[in-house]
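Work through the exercises below with the structure open. Try each task before you read its solution.

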Amino acid sequence: MTKFTVKKGNYFCSPRRFKFWLSPIGKTFTWKIKFDPNCKYILPGEDQWDWNKIGGIDLDSPFSTMTNSIMGGWRYNPTIEKIELNAYFHNGKGVENRIMSEPLCFVDTNQEVTLKILVGEDIWQVHYWSDPYGTMINHGIKSIKPKKASALFATEIQFYFGGNQQAPQDVSIYKELI
C-alpha cells in the first residue's frame with residue numbers, strides 16, 4: 001500500500017496522483033486502507049467532529065469534489081479512541097446537495113479496512129468491511145439514489161484533511177486501489 005500524508009497546516013496529501021476512468025456507471029471501485037497512529041488528532045470544539053475524506057470517485061468534474069462525488073469519510077473520536085468511518089456524497093452541485101451519513105463503523109489505527117464504492121445508474125453506495133480474524137466483518141453500508149444517472153468519466157478523489165480546519169499534525173493513511 002502507498003502511504004499518503006497530509007502535512008501539518010495543510011488540507012491536501014502527498015503524494016498526489018491522478019487516476020481517470022471512462023464510462024464509470026456500473027463500476028465498483030475498491031481500496032484497502034489502513035490508518036496510521038498519527039491519525040489520532042485533537043481539534044478545538046465542534047471542529048473535532050468534521051469529516052475528513054479517505055478518497056472516492058468524482059463524476060465528470062475533475063477539479064471539484066463538490067459536484068456528483070461519492071467518498072469515504074473519516075474522523076478520530078477521542079472519546080472511544082477509534083477512527084469513525086462514514087459515507088459522504090455530493091448528489092448534485094454545492095454544499096446544499098451534500099449528504100453525510102452517521103458513522104457506519106469504528107476501526108483502530110493499523111487495522112486494515114476495505115472501502116468499496118458502487119457507481120450505478122440508480123444507486124450510489126459506500127460499503128466498509130474488514131477481515132481481522134479470518135472472518136469477514138461487514139462494518140456498514142450506505143446507499144442513495146443519484147440525481148444524475150450518467151457520467152462520461154470519473155477521477156479518483158485523494159486523501160484530504162478538513163472541514164474548516166487544516167491538519168493539526170501530520171496525518172497518514174496507507175491506501176491501495178484493488
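**Exercise 1. Decide whether Thr30 is buried or exposed, and find what surrounds it.**

Solution. Thr30 has a relative accessibility of 13%, so it counts as buried. The cut-offs are under 20% relative accessible area for buried, over 50% for exposed and partly exposed in between, with a 1.4 Å probe and protein chains only. The model is a predicted one: local features need pLDDT of at least 70, side-chain atom pairs count only at pLDDT 80 or more, and totals for chains, interfaces and linings use all residues. Residues are numbered from 1 along each chain as its sequence is written, and side-chain values use heavy atoms, with hydrogens and water left out.

Next, place the residue. Thr30 lies in strand S4 (residues 27-35). Strands (E, at least two residues) and helices (H or I, at least four) are DSSP runs, numbered from the N terminus.

Then list the contacts, meaning heavy atoms within 4.5 Å. Leaving aside neighbours within four places in sequence, Thr30 touches Thr114, Leu115, Lys116, Trp129, Glu176, Leu177 and Ile178.

**Exercise 2. Describe the overall build of the protein.**

Solution. Start with secondary structure. The protein has 14 strands and zero helices.

Now check the dimensions. The radius of gyration is 15 Å, close to the 16 Å from the globule rule for 178 residues, so the protein is as compact as a globular protein of that length. This radius is taken over C-alpha atoms, and the rule is 2.2 Å times the number of residues to the power 0.38. Along the principal axes, the C-alpha atoms fill a box of roughly 40 × 40 × 30 Å.

Finish with burial and contacts. Of the 178 residues, 49% count as buried. Among contacts with a separation of 6 or more, 66% come from residues 24 or more positions apart.

**Exercise 3. Trace the pairing of strand S6 and state how enclosed it is.**

Solution. Take burial at the start. Eleven of the eleven residues of S6 (residues 67-77) are buried, so the strand is largely enclosed by the rest of the structure.

Now look at the partners. Two strands pair if DSSP finds at least two bridges between them. Strand S5 (residues 52-59) pairs with S6 in the antiparallel sense over six bridges. Strand S7 (residues 82-93) runs antiparallel to S6 and is joined to it by ten bridges.

Follow one residue across. Ser69 in S6 is the bridge partner of Asp58. In S7, the bridge partner of Ser69 is His90.

Last, inspect the turn. The hairpin of S6 and S7 has four residues between the strands, and Glu81 there takes a positive phi near 55°.

**Exercise 4. How many aromatic pairs are there, and how is the pair of Tyr11 and Tyr160 arranged?**

Solution. The whole structure holds eleven aromatic pairs. Rings of Phe, Tyr and Trp (its six-membered ring) pair if their centres lie within 6.5 Å; planes under 30 degrees apart are stacked, over 60 edge-to-face, and the rest tilted.

Apply this to the pair. The ring centres of Tyr11 and Tyr160 are 5.8 Å apart and the planes meet at 10°, so the pair is stacked. Tyr11 sits in the loop between strands S1 (2-6) and S2 (13-14), and Tyr160 in the loop between S13 (153-157) and S14 (171-177), so the pair ties together parts 149 residues apart in sequence. Tyr11 is partly exposed, at 23% relative accessible area.

Now look for a cluster. Phe35, Tyr41, Trp74, Tyr76, Phe159 and Phe161 form one aromatic cluster.
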